[in-house]
Amino acid sequence: FGAISSKWVAPSGARFGCQAETGTGAGMGAVYACKILGGTDEQLFHAYILAIKNSLGLVCDPLAGGVNIPCIKRNAFKAVEALNSAFMSLMGVESLIPLDEVMPAMREIGNNMQEKYKETSKGGLATTPIGLEHIYCNKCNSPSCRWNVIGLLALIILVTHLTQLYFKILNKLSWYTIFFLTQVPFPSWEG
């Protein structure tokens, strides 16, 4: 799927913003999750498209020229979005707009995005007061940067545990049960 979409948009933050980089990663993760959960080929495509569409317009604005903040956290959130896209596709949610229209839209957005939002550290979060301070903190030797790394590790552990919890729940429930519960209205408690 990543190779297919690369024909339209290179998965590069420097060329098309973070939408192309983390968006493509989320899409590939969605396909993988959907596949191991027994999705059909059509569901795989919808999972991919749902994840990609949710990433449109996301800029690439790393602090201090490094690919660390906010990049790693964005990837952690994109992992959760990948799972949600897979679950939505398996539940029957489909993308109205097909992949061969979504990817040119991503390319158009990336081409119209200002250069300062393409991995240059000249816009977005990189130019906030804390972002600018990060340039001078001696590349993560300040206490605030060390706490940021500790917070990141905690976030990665949380996402890992949430993912494991998702799969434990899925092993106990069938998709048919979940589908049934989402399609049947709850009985009225009145009269």
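**Buried cysteines, the nonpolar core and helix α5**

Cys60 is buried, with a relative accessible area of 6%. The model is a predicted one. The sulfur of Cys60 has its closest cysteine sulfur in Cys18, at 5.4 Å. Cys18 is also buried, and its relative accessible area is 6%. Seen from Cys18, the closest cysteine sulfur is that of Cys60, again 5.4 Å away. A disulfide requires the two sulfur atoms to lie within 2.5 Å. The separation of 5.4 Å is therefore too far for a bond between Cys18 and Cys60. Under this rule, the count of disulfides is 0.

The fold is described next. The protein chain contains 9 helices and 0 strands. Along the sequence, the pattern reads α-α-α-α-α-α-α-α-α. Of the 191 residues in the protein chain, 36% are buried. Contacts with a separation of 6 or more were sorted by distance along the sequence. Residues 24 or more positions apart account for 76% of them. The protein chain exposes about 11,200 Å². Carbon and sulfur atoms supply 64% of that area.

In soluble globular proteins, nonpolar side chains tend to be buried together. Here, the largest nonpolar core has 24 residues. Val9, Cys34, Ile52, Met103 and Met106 have the most contacts inside this core. Four elements each give two or more residues to the core: α3 (18–36), α4 (41–53), α5 and α6 (99–112). Met106 was examined further, leaving aside its neighbours within four places in sequence. On that basis, Met106 is in contact with Val9 and Ile52. Gln19, Ala20 and Leu56 are also in contact with Met106.

Helix α5 covers residues 71–90, a run of 20 residues. At 1.5 Å a residue, α5 should span 28 Å. The C-alpha atoms at the two ends of α5 are 28 Å apart, so the model agrees with the expected span. An α-helix has 3.6 residues a turn, so residues three or four places apart point the same way. Which residues of α5 are buried? Cys71, Arg74, Ala76 and Lys78 are among them. Further along, the buried residues of α5 include Ala82, Leu83, Ser85, Ala86 and Phe87. Ser89 and Leu90 complete the buried set of α5. Gly92 follows α5. The phi of Gly92 is positive, near 105 degrees.

Terms used: Residues numbered from 1 in each chain as written. Predicted model: local features only at pLDDT ≥ 70, side-chain atom pairs only at ≥ 80, totals over all residues. Heavy atoms only, no water. Expected span 1.5 Å × (residues − 1). Buried < 20%, exposed > 50% of the residue type's maximum accessible area, 1.4 Å probe, protein only. Contact = heavy atoms within 4.5 Å. Areas by Shrake-Rupley, 256 points an atom, 1.4 Å probe, with all protein chains shown as cover. Core = buried A, V, L, I, M, F, W, Y, C linked by side-chain atoms within 4.5 Å.
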